[in-house]
Amino acid sequence: MSIIKLNNNGVKNATAFGSITGLGSMTFIKKLTASSSATLSFVDGASSVVLDDTYKEYVFTFKDIHGSADGHFGFNGSIDSGSNYNVTKTTTYFQAYHNEIDNDAGVSYYTDSDLAQGTGFQRLMRHMGADNDQCGVGMLHLFSPSSSTFVKHFICTTQIYNKDDFSYNAYIAGYFNTTSAIDAIQFKMESGNIDAGDICLYGIA
């Protein structure tokens, strides 16, 4: 087993980060920064976004996502360059939780946040708090979005500061049940806006 040591400079770039996680080299594609934004959308071919067969895997990173109100943050895909975000999905959602006063902790599956051949937005962060210091972070992996043969799998891990002062660590996975290319991805809050936060898109070689 190899051991990687980091100096005080930490991980300096995406390529180094990719080699440490075993992902392969990560190529930065696009960064969107929220500012009271109703949606954040990555559309192939628009504003330097690449979401095609250039890479077999794409990664979205969520940094300090903060909503205008307590609520749920989610995503959906498009097969028509962002005209509609309503691709059929089947998904799972479970999370570990622990509150600040240390009297409630566990792991649960949430049927209110999964989809069974649903076209709505898939939740990635449940009940995220909107206090000034509350936010959410995470990573979403999308595999072979341009395939014309297979469904499009995705896996996601998020960590949030919940509205009731819990730590929520969620694991979400599923597939877009289509053999059409997914050429756009959109993120939004179920209610209110994304007040702040960055979403970055990387391609994995």
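Two strands pair if DSSP finds at least two bridges between them, and strands (E, at least two residues), like helices (H or I, at least four), are DSSP runs numbered from the N terminus. Residues are numbered from 1 along each chain as its sequence is written, and side-chain values use heavy atoms, with hydrogens and water left out. This is a predicted model, in which local features need pLDDT of at least 70 and side-chain atom pairs count only at pLDDT 80 or more, while totals for chains, interfaces and linings use all residues.

**Exercise 1. Lay out the fold and place strand E3 in it.**

Step 1. Start with the elements: the protein has one helix and 13 strands. Along the sequence they follow the pattern α-β-β-β-β-β-β-β-β-β-β-β-β-β.

Step 2. Now look for the partners of E3. Seven bridges join E3 to strand E9 (residues 136-143), and the two run antiparallel. Within that pairing, Phe62 has Gly138 of E9 as its bridge partner.

Step 3. Strand E13 (residues 194-204) is also antiparallel to E3, with nine bridges between them. Here Glu57 is bridged to Ile204 of E13.

Step 4. Finally, check the cover. Buried means under 20% relative accessible area, exposed over 50%, and partly exposed in between (1.4 Å probe, protein chains only). On that scale, nine of the eleven residues of E3 are buried. For the whole protein of 205 residues, 42% count as buried.

**Exercise 2. Classify the ring pairs around Phe187.**

Step 1. Set the rule: rings of Phe, Tyr and Trp (its six-membered ring) pair if their centres lie within 6.5 Å, and planes under 30 degrees apart count as stacked, over 60 as edge-to-face and the rest as tilted. The structure holds 16 such aromatic pairs.

Step 2. Take Phe60 and Phe187. Their centres are 5.3 Å apart and their planes stand at 65 degrees, so this pair is edge-to-face. Phe60 lies in strand E3 (residues 57-67) and Phe187 in strand E12 (residues 184-189), so the pair links parts of the chain 127 residues apart.

Step 3. Both rings belong to buried residues: Phe60 has 0% relative accessibility, and Phe187 has 0% as well.

Step 4. Phe187 also pairs edge-to-face with Phe62, at 5.4 Å centre to centre and 75 degrees between the planes. Phe62 is in E3 and Phe187 in E12, so this contact ties together parts 125 residues apart in sequence. Phe62 is buried too, with a relative accessible area of 2%.

Step 5. Zoom out to the cluster: ring pairs link Phe42, Phe60, Phe62, Phe73, Phe75, Phe154, Phe176 and Phe187.

**Exercise 3. Find the charges that sit over rings.**

Step 1. The test asks for NZ of Lys or CZ of Arg within 6 Å of the ring centre and within 35 degrees of the ring normal.

Step 2. Arg126 passes, with its charged end over the ring of Tyr110 at 3.9 Å from the centre. Lys188 passes as well, lying over the face of Phe121 at 4.4 Å from the ring centre.

**Exercise 4. Work through the salt bridges and say where their partners lie.**

Step 1. A salt bridge is a side-chain nitrogen of Lys or Arg within 4 Å of a carboxyl oxygen of Asp or Glu. The count by this rule is five.

Step 2. Asp198 and Lys31 meet at 3.6 Å, N to O. Asp198 is in strand E13 and Lys31 in strand E1 (residues 26-37), so the pair ties together parts 167 residues apart in sequence. Asp198 is buried at 18% relative accessible area, whereas Lys31 is partly exposed at 42%.

Step 3. Asp112 and Arg123 form a salt bridge at 3.8 Å, N to O. Asp112 sits in the loop between strand E6 (105-109) and strand E7 (116-118), and Arg123 is in strand E8, eleven residues apart. Asp112 is partly exposed at 43%, while Arg123 is buried at 15%.

Step 4. For Lys163 and Asp164, the closest N and O atoms are 3.1 Å apart. Lys163 is partly exposed at 31%, and Asp164 is partly exposed at 46%.

Step 5. Last, join the bridges that share partners: Asp112, Arg123, Arg126 and Glu190 form one network.
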